[in-house]
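Work through the following exercises with the sequence and the model side by side, and attempt each task before reading its solution.

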Amino acid sequence: MLAVSMVHSPAHAAAPKKDRKYYESRGEVIWEVRTSEKVIALTFDDGPHPRYTAQILDLLKQYNAKGTFFVVGNKVKLHPELVKRTAAEGHEVANHTYSHAYLNKKTNIKKEITKAEDTIVAAIGRRTHLFRPPGGIYNDKLVQTAKQEGYKVVLWSWHQDTQDWKAPGVNKIVDKVLGHTRNGDIILFHDFIEGPTHTIDALKIILPELKQRGYTFVTVSELLTHAK
Ligand code: ZN
């Protein structure tokens, strides 16, 4: 009896379940945006990559598309000119930690974020406002730390995880995106991949097709302004 009454104690009942619904309703973590407009956000993680990032920027320019690049601080340090170019061409640069550490409660989350931000500021001359945790792994400490540091946590649409980092074949990436595209999607790609990438060839199919369907490719910050 005692165990039962403890489980149903008012203290327990009052603690909100911190799931997607909880964070989404508070605007602290973003998965996608509900909108009636044909806007979507392409996001690219883990860069900059000395070759792939430049090729992706060329493609985005060709289709007048804006993207959001969640960069890793220790790679920004190696290729600041690519991050500078990314920002100069109207894309959004965002924070994806300094060392791509998977952030658990014991990690110095603040240090991972601020150290990365310092490299970004050195490259583009201004700070960023979006943060994506490596692996999409988050906890309450992370969400609150990001908030205190002035970031929104941005994940991705669950139906738009292309798994392109596995180089799964061009068609797999294309089918995943084109088969599921909805208004307000946040699509997950990677500009930095170890070894060969299928992302660039997939984008060569995805970009013209979605443009044909009437979609506009906007940064995540712009997408948020379309939320209804
Ligand atoms: Zn990542």
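**Exercise 1: a helix pair**

Helix 9 crosses helix 10 in the right-handed sense, where right-handed means that the near helix is turned clockwise from the far one by less than a right angle, and left-handed that it is turned anticlockwise. This is a predicted model, in which local features need pLDDT of at least 70 and side-chain atom pairs count only at pLDDT 80 or more, while totals for chains, interfaces and linings use all residues. Residues are numbered from 1 along each chain as its sequence is written, and side-chain values use heavy atoms, with hydrogens and water left out.

Task: determine at what angle the axes of helix 9 and helix 10 cross.

Solution: the axes of helix 9 (residues 170–178) and helix 10 (residues 199–212) cross at roughly 30° and come within 8 Å. Helix 9 is therefore roughly parallel to helix 10, given that angles under 35 degrees count as roughly parallel, over 145 as roughly antiparallel, 65 to 115 as roughly perpendicular and the rest as oblique.

**Exercise 2: the setting of strand 2**

Task: establish whether the residues of strand 2 are buried or exposed, and with which strand L42 forms a bridge.

Solution: begin with burial, for which the cut-off is under 20% relative accessible area, with exposed over 50% and partly exposed in between (1.4 Å probe, protein chains only). In strand 2 (residues 39–45), 7 of the 7 residues are buried, so this strand is largely enclosed by the rest of the structure. Next, separate the faces: V39, A41, T43 and D45 lie on one side and I40, L42 and F44 on the other, and both sides are covered.

Then turn to pairing, which requires that DSSP find at least two bridges between two strands. Strand 2 runs parallel to strand 7 (residues 186–190) over 5 bridges, with L42 partnered by I187. The parallel pairing with strand 8 (residues 216–217) has 2 bridges, and V39 has T216 as its partner there.

**Exercise 3: the zinc site**

Task: identify which residues supply the protein donors of the zinc ion.

Solution: the donors, meaning N, O and S atoms within 2.8 Å of the metal (3.2 Å for Na, K and Ca), with water not among the atoms so that sites may look incomplete, come from D46 (OD), H96 (NE2) and H100 (NE2), lying 2.1 Å from the ion. D46 sits in the loop between strand 2 and helix 4, and H100 in the loop between strand 4 (92–95) and helix 7 (109–124), so the pair ties together parts 54 residues apart in sequence. Finally, compare accessibility: D46 counts as buried at 13%, whereas H100 counts as partly exposed at 22%.

Definitions and conventions: Helices (H or I, at least four residues) and strands (E, at least two) are DSSP runs, numbered from the N terminus. Axes are lines fitted to C-alpha atoms, for helices over the stretch in contact, and angles run from 0 to 180 degrees between N-to-C directions.
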